[in-house]
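Biologist: I have a model to go through with you, and I would like to hear the reasoning behind its labels. Shall we look at it together?

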Amino acid sequence: MITTTFQTARFGEITVEPADIISFPQGMIGFPNSPDYVLIQHQENSPFYWLQSLSIAELAFLVVVPTIFVPDYAPEVNLAVVEEIGISEETPHIVYTVVNIPRGRPDEMTLNLAGPIVIQPETRRAKQLVLEESKYSLRHRIKDEPAERAA
Amino acid sequence: MLVLTRKLNQSIKIGDDIEITVLEVRGEQVRIGISAPRDVVVHRKEVFDQIKQENLASSEVDASDIPDL
């Protein structure tokens, strides 16, 4: 197996096998010039992963499988997307969502349920969707907001 | 930026296969119809920008803030 090494800001030098690469033909939203990523688990047994760019060392998005927190989450994947990354009705696909945690405030963690990442597990082609007029929030709070917050 | 004036039900063609039509004008709201090939992605700019912003913020998360589950 031919492996390639990449420099990353968070993980230093990483070694990647071709089969590990997840390819976004159109990039992540806002980052059209970085098509290739790998998933790096935050820690052993953690549900959180970093989607590390292989072209921009500093770029790594924190992602998680959203159904861990939102069991009934079921974004609609439209036909154009299905064709673009080669998903059919029968193909199982993996969904991740982008996680945000304001610095020093882990209780305020949110998931972007309006911009899920869909991965075709066999070809490892992927796309970040934009769910328009969706019931899903861009900043879905995981923990309930405190009833009253000290100023 | 190219600026064109259109009336109700008039259209603009972009290339051969994209057509944008003014469907309704009501006060400050304009309803626009877009017909484009399926591989052309069309979004409201605000939603796109917000997702971009969420992506950017996510890439700046401090790993020490990630909860253990």
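Biologist: Which residues line the second largest pocket?

Modeller: Keep in mind that this is a predicted model. The lining consists of Glu132(A) together with Ile32(B), Ile34(B), Val42(B), His43(B), Arg44(B), Lys45(B) and Glu46(B). Two elements of chain B, β3 (29–35) and α1 (45–58), each give two or more residues to this lining. The space in the second largest pocket comes to about 250 Å³.

Biologist: What makes up that lining by class?

Modeller: There are 3 nonpolar, 1 polar and 4 charged residues. His43(B) is one of the lining residues, and residues such as Asp, Glu, Lys and Arg count as charged, so histidine falls among the polar ones.

Biologist: Why is Ile34(B) called partly exposed?

Modeller: Ile34(B), in strand β3 of chain B, has 45% relative accessibility. Buried would need under 20% and exposed over 50%, so at 45% Ile34(B) counts as partly exposed.

Biologist: What makes Ile34(B) eligible for the nonpolar surface patch?

Modeller: Patch residues need over 30% relative accessible area, and Ile34(B) has 45%. Its partners are Leu8(B), Val25(B), Val30(B), Ile32(B), Val40(B) and Val42(B), in a patch of about 580 Å². β3(B) gives the most, with 3 residues.

Biologist: And which residues lie nearest the centre of the largest pocket?

Modeller: Those are Asn78(A), Val81(A), Val130(A), Val41(B) and His43(B), out of 30 lining residues. The pocket holds about 650 Å³ of space, and α1(A) provides the largest share of its lining, 3 residues.

Definitions and conventions
Residues numbered from 1 in each chain as written. Chains lettered and ligands numbered in written order. Predicted model: local features only at pLDDT ≥ 70, side-chain atom pairs only at ≥ 80, totals over all residues. Heavy atoms only, no water. 1 Å grid on protein atoms, 1.4 Å probe; cavity = no way out; pocket = protein on both sides within 12 Å on 5 of 7 lines; lining within 4 Å. Points joined across faces, edges and corners; volume = space filled by probe spheres on them. Helix = DSSP H or I, 4+ residues; strand = E, 2+ residues; numbered from the N terminus. Patch = residues over 30% accessible without salt bridge, like charges linked within 9 Å, V, L, I, M, F, W, Y side chains within 5 Å. Areas by Shrake-Rupley, 256 points an atom, 1.4 Å probe, with all protein chains shown as cover. Salt bridge = Lys/Arg side-chain N within 4 Å of Asp/Glu carboxyl O. Buried < 20%, exposed > 50% of the residue type's maximum accessible area, 1.4 Å probe, protein only.
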